[in-house]
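Biologist: Please take one helix of this model and go through it closely. I would like to know how it sits among its surroundings.

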Amino acid sequence: MKCRGIRGATTVDTNTGEDILTAAKELLQEMIQANGVEEEDIASIHFTTTPDLNATFPAAAARQLGLAQVPMLCGHEMNVPRSLPMCLRILVLINTEKSAEKIVHTYIKGARELRSGSGYKEGSPEGK
């Protein structure tokens, strides 16, 4: 069994706890559903926000969804000039038999632009 990462990103309307939690729940639910993930398959979840989002910890959204036993970590993205503002990213590490090509990465709302054109926004971590 391999440990694979599922990437996801979304934008948040305002820097409020409610908006951050709503956005995190929506994105995390889509990521889990698109990949058929069960809680026992999740090794860990890493949440990051751009520095303009600091009203609450987005990991609280996962706890509200019932992911009580999953290790989680929150942090801020680098403050790169001209990068997408108000952006929340999630990396879910799962134990799976799926190949990397079968993993579905989820980009919603304003974060869709991170995956448009050549596939990556200049200066974004997805460009690595």
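Modeller: What follows is a close look at helix H1 in this predicted model.

Helix H1 covers residues 17–35. At 1.5 Å a residue, its 19 residues should span 27 Å, and the C-alpha atoms at its ends are 27 Å apart, so the expected and modelled spans agree. After the helix comes Gly36, which has a positive phi, near 60°.

Next, the sides of the helix. The buried residues of H1 are Ile20, Leu21, Ala23, Ala24, Leu27, Leu28, Met31, Ile32 and Asn35. Viewed down the axis of H1, these buried residues fall within an arc of 165°, so they line one face. The general background is that an α-helix has 3.6 residues a turn, so residues three or four places apart point the same way. On the face of H1 turned away from the buried side are the exposed residues Glu18 and Gln33.

What lies over the buried residues? The cover includes strands S1 (2–11), S2 (42–49), S4 (87–96) and S5 (106–107), together with helix H2 (59–64).

H1 also takes part in the largest nonpolar core, which has 28 residues. Leu28, Ile42, Ile45, Leu67, Ile90 and Val92 touch the most other members of this core. H1, S2, H2 and S4 each give two or more residues to it, and the largest share, 8 residues, comes from H1. Leaving aside neighbours within four places in sequence, Leu28 is in contact with Ile45, Phe47, Ala62, Leu65, Leu67, Ile90 and Val92. Another core, of 6 residues, lies apart from this one, and Leu84, Cys87, Tyr107 and Leu114 are among its members.

Definitions and conventions. Residues are numbered from 1 along each chain as its sequence is written. This is a predicted model: local features need pLDDT of at least 70, side-chain atom pairs count only at pLDDT 80 or more; totals for chains, interfaces and linings use all residues. Side-chain values use heavy atoms; hydrogens and water are left out. Helices (H or I, at least four residues) and strands (E, at least two) are DSSP runs, numbered from the N terminus. The expected span of a helix is 1.5 Å times one less than its number of residues. Buried means under 20% relative accessible area, exposed over 50%, partly exposed in between (1.4 Å probe, protein chains only). The arc is that of the directions from the helix axis to the C-beta atoms. Contact means heavy atoms within 4.5 Å. A nonpolar core is a set of buried Ala, Val, Leu, Ile, Met, Phe, Trp, Tyr and Cys residues joined through side-chain atoms within 4.5 Å.
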